[in-house]
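User: I am new to this structure and would be grateful for a close look at one part of it. Please then continue to the other parts in a connected account.

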Amino acid sequence: MQKIRDNLSQLRQKIQQLLQKYQRDPAAVVLLAVSKTQSVAAIETAVLQGQYRFGENYLQEALPKIQALKAYQLQWHFIGRIQSNKIKDIAENFAWVQSVYQLKHAQRLSQQRPAGLLPLNVTVQINIDREPQKAGIMPEDALNFAQEVVKLPNLRLRGLMGLPAAHPDFMAQQQSFKALHAVYQRLKEQGLPLDTLSMGMSDDMEAAIAQGTTLLRIGTAIFGQRDP
Ligand SMILES: *Cc1c(COP(=O)(O)O)cnc(C)c1O
């Protein structure tokens, strides 16, 4: 657990250094700790270091952890593939859903969001490198899709999430993120009230910061390699 503490403090320093390097505001980026496959104890270690936002990919895995850590009032983000039969549980237990790319999922998330809770924050997942095997909205369809999502009463559209192809080199990583940033800017220019550009993981964090990310989703660099 000492490793998690060290990783987290080094990561925060690194993020600050990179924000400075790319002449961005020190408060421009928030850190989402991606805790899939991690234990409650590992998550709690990060919480005690002041980490507040956590991302999970699988509902069955996430629910007991959310329950066990309820007293901390953490902010949970669903970042995995949405299955239709899980939508009610997602709408009831998460504050954010980052992986919205089907209108029927967005509609059902809105319908199922309990009245006593704040609107569910959502980002639209963009298939930024147009990979046929990957989920997400194509960049040219993002505006139409976002204009439908923003109408839904119990959702609050916050921005875009991108999962680019795994590029080994920094220049190619930047190209993908630059393209996603351009889509984000275009939607904002069309009047959508967006404030979140979710891009960048452990291996491409610098490129994402250089290209304007506002939310990093980091697992490995905090918790170490996941068991396969
Ligand atoms: C697992 C995952 C991450 C974190 O990836 P790391 O390389 O471990 O930092 C980020 N985003 C999504 C959608 C993920 O599934």
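Analyst: F170 belongs to helix α7, which covers residues 170-189. The model in which F170 is seen here is a predicted one. With a relative accessible area of 31%, F170 is partly exposed, because values that are neither under 20% nor over 50% fall in that class. When neighbours within four places in sequence are set aside, the contacts of F170 are Y22, E206 and A207. A71, by comparison, is 99 residues from F170 along the chain, and the C-alpha atoms of the two are separated by 40 Å.

From this partly exposed position, the account may turn to the interior. The largest nonpolar core consists of 64 residues. Within this core, the residues with the most contacts are F54, V97, L109, L160, L187, L216 and I222. Helix α1, residues 2-21, is the element that gives the most to this core, contributing six residues.

Among the core residues just named, F54 may be examined individually. Beyond four places in sequence, F54 touches L32, A33, S35, I43, A46, V47, L74, Q75, W76, H77 and F223. One of these partners, Q75, lies in strand β3, which spans residues 75-78. Q75 counts as buried because its relative accessibility is 14%, and the limit for that class is under 20%. The contacts of Q75, again without residues up to four places away, are Y52, R53, F54, A95 and W96.

Helix α1 also holds N7. Is N7 buried or exposed? N7 counts as buried, since its relative accessibility is 12%. The side chain of N7 comes to 2.9 Å from the backbone oxygen of I222, and I222 is one of the core residues with the most contacts. Apart from neighbours within four places in sequence, N7 is in contact with A221, I222 and G224.

A further buried position is F145, in helix α6. Its relative accessibility of 10% is the reason F145 counts as buried. Leaving out residues up to four places away in sequence, F145 touches V100, Y101, Q102, L103, V124 and I137. F145 and H167 are 22 residues apart in sequence, and their C-alpha atoms are 27 Å apart in space.

The next topic is the ligand. Which residues are found around the ligand? They are V34, K36, N57, I79, L163, M201, S202, R217, I218, G219, T220 and R226. By type, this shell divides into five nonpolar, four polar and three charged residues. Several members of the shell place N or O atoms close enough to the ligand for a specific distance to be given. In the side chain of K36, an N or O atom is 2.7 Å from an oxygen atom of the ligand. G219 takes part through its backbone, where an N or O atom lies 2.8 Å from a ligand oxygen. R226 contributes a polar side-chain atom, which lies 2.8 Å from an oxygen atom of the ligand. The ligand taken alone exposes 390 Å², and the protein buries 89% of that area.

T220, which is among the residues around the ligand, also serves as a reference point for a distant loop position. L118 is found in the loop between α5 (103-112) and β5 (120-126). Along the chain, L118 and T220 are 102 residues apart, and 31 Å separates their C-alpha atoms. L118 counts as exposed because its relative accessibility is 69%, above the limit of over 50%.

Two other loop residues deserve attention for their backbone angles. Most residues other than glycine have a negative phi. T37, although not a glycine, has a positive phi of about 70°. T37 is found in the loop between β1 (30-34) and α2 (40-48), and it counts as partly exposed at 44% relative accessibility. R130 is likewise not a glycine, and it has a positive phi of about 55°. The loop that holds R130 runs between β5 and α6 (142-149). With a relative accessible area of 44%, R130 is partly exposed.

Technical notes
Residues numbered from 1 in each chain as written. Predicted model: local features only at pLDDT ≥ 70, side-chain atom pairs only at ≥ 80, totals over all residues. Heavy atoms only, no water. Near = heavy atom within 4 Å. Polar contact = N/O pair within 3.5 Å; in protein donor to acceptor, adjacent residues only side chain to side chain. Areas by Shrake-Rupley, 256 points an atom, 1.4 Å probe, with all protein chains shown as cover. Nonpolar A, V, L, I, M, F, W, Y, C, P; charged D, E, K, R; others polar. Helix = DSSP H or I, 4+ residues; strand = E, 2+ residues; numbered from the N terminus. Buried < 20%, exposed > 50% of the residue type's maximum accessible area, 1.4 Å probe, protein only. Contact = heavy atoms within 4.5 Å. Core = buried A, V, L, I, M, F, W, Y, C linked by side-chain atoms within 4.5 Å.
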